[in-house]
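Here are some comments for a colleague who is meeting this structure for the first time. Please keep the model open while reading, and look up each residue as it is named.

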Amino acid sequence: MRTQTAIIGAGPAGLLLGQLLHAAGIDAVILERRSQAHVLSRIRAGVLEPGAVAALRQAGAGARLDAEGLRHDGFSIASDGRALRIDLAALTGRAVTVYGQTEVTRDLMAARAAAGLPTIYDAEDVTIADFDSDAPRVTWREGGRTRDLVCAAIAGCDGFHGVCRQSVPAGAIETFERVYPFGWLGLLCDAPPCAEELIYARHARGFALCSMRSPTRSRYYVQVAADERAEAWSDARFFDELRRRLPEAAAAAVTVAPALEKSIAPLRSFVAEPMRFGRLFLAGDAAHIVPPTGAKGLNLAASDVVYLAEALAEHFIEGSPAGLDAYSARALARVWKAERFSWWMTALTHRFEGDPFGERLQQAELDWLSGSAAAQAALAENYVGLPY
Ligand code: FAS
Ligand code: PHB
């Protein structure tokens, strides 16, 4: 097989890149190691920046998002029983859209299928080679046969545990990491959300987040120890702990319903530099991870692939290497600002054992936020997403 771009991974980064390249007239093949059903079964992000919404519309996957996505003009940070509303619309003139990553993925898959574009699911033992040449190759096993794909570029959109970053020679890559001593236990249920907007709650017992997927489907999280297991948490225990961490009015408004999904996500900050190795380009979680507190993971995947699609179009259509040469620095400039914000939101709202000095800093930061329009504007500017 031959194609212009081989995309490894059919998560949001790979699927969005595939559609943006198609819109630019560039052909690509996506190779995904799991089944389509498995990719859709993963419950992850829930908040889209305006930039990501624009990219999805450009990719031809914006119709359902526009019809069903929930525009949110603000969110609240709760602490010590009080809630501080951050008025995104008033402070930035912009808003975020609440629309689950599962639906984003479903829409992108549908757009790709409608265009008759090739996605190979259940691709086993994907390997990449010769990406330091102008004819990189991808091989994989499919139905017991070894297949191969010759291309001009490989987009590593295969997530944190993917093969692409691991294939880069150790001396050519530098990583930066901060692992947090806790995780998020998430629960999805068919019940109306406890509030109109998201609530990020700081509490002595630990962080909690009240989010949603629709007016009838809620998504909740509680901070748990890094070694915690989801099986140890009954629905009753989860809702009891959630309520204990929320302000009284929100706690009273929580509707208990059976968990449709319950899982724990570890929290880490991670960046690999650079994001380009010859004809291999990393995008999304393959290159960086943020703690989900700032709702940046999916949104960074979107900005990465917007940059990469533009650069590949310059290469294939205009014959200019400038975009590809600039890709890594351009993407990392936005990645590191989102890493900083996600770390800051996590440090502000989570319980860190045995850190009384840190607790006083959290309190001082919240006191400053509650009294300063400038501080709230800085937070809002980052939350809606810094310019592409
Ligand atoms: P993804 O990991 O989504 O997709 C990578 C794809 O590559 C997967 O389908 C994988 O199967 C495939 N793949 C891996 N190895 C391969 C190989 N060798 N060959 C072929 N395919 C391969 N972000 C938020 O903003 N808010 C959240 O609440 C949030 N919660 C999260 C919870 C969890 C458990 C995780 C892991 C992440 C969460 N994130 C959240 C971040 C998440 O949304 C990511 O940012 C987003 O999925 C990034 O998309 P991709 O870069 O496409 O990576
Ligand atoms: C979610 O709805 O899953 C969600 C929302 C905001 C976050 C993290 C997760 O910061």
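Which side chain meets that of Glu 177 in a salt bridge?

1. The partner is Arg 268, and the nitrogen to oxygen distance in this salt bridge is 2.7 Å, a value that should be read with the reminder that the model is predicted. Glu 177 lies in strand S13 while Arg 268 lies in strand S17, which spans residues 259-273, so the pair ties together parts that are 91 residues apart in sequence. Glu 177 is partly exposed, with a relative accessible area of 46%, and Arg 268 also counts as partly exposed, at 21%.

2. A second salt bridge to look up joins the side chains of Glu 197 and Arg 85, with 2.7 Å from N to O. Glu 197 sits in the loop between strand S13 (174-189) and strand S14 (199-202), whereas Arg 85 belongs to strand S6 (residues 82-87), so this pair links parts of the chain that are 112 residues apart in sequence. The two partners should be described separately when it comes to burial: Glu 197, at 18% relative accessibility, counts as buried, because the cut-off for that word is under 20%, while Arg 85, at 36%, counts as partly exposed.

3. A third pair involves two helices. Glu 310 forms a salt bridge with Arg 330, and their closest N and O atoms are 2.8 Å apart. Since Glu 310 lies in helix H9 (residues 297-318) and Arg 330 in helix H10 (residues 322-349), the pair ties together parts that are 20 residues apart in sequence. Glu 310 is partly exposed, with a relative accessible area of 38%, and Arg 330 is partly exposed as well, with 37%.

4. These pairs should be placed in the wider count, for a search of the whole structure finds 24 salt bridges. Salt bridges can also join into a network, as they do among Arg 64, Glu 68, Glu 103, Arg 106 and Asp 107.

5. The cysteines deserve a separate comment, since the structure holds zero disulfides. Cys 151 is in no disulfide, and the nearest cysteine sulfur, that of Cys 164, is 10 Å away; Cys 151 is also buried, with a relative accessible area of 4%.

6. Why is the sulfur of Cys 194 not bonded to that of Cys 210? The sulfur of Cys 210 is the closest cysteine sulfur to that of Cys 194, but the distance of 3.7 Å is too far for a bond, because a disulfide requires the two sulfur atoms to be within 2.5 Å. Cys 194 counts as buried, at 10% relative accessibility.

Notes:
Residues numbered from 1 in each chain as written. Chains lettered and ligands numbered in written order. Predicted model: local features only at pLDDT ≥ 70, side-chain atom pairs only at ≥ 80, totals over all residues. Heavy atoms only, no water. Salt bridge = Lys/Arg side-chain N within 4 Å of Asp/Glu carboxyl O. Helix = DSSP H or I, 4+ residues; strand = E, 2+ residues; numbered from the N terminus. Buried < 20%, exposed > 50% of the residue type's maximum accessible area, 1.4 Å probe, protein only.
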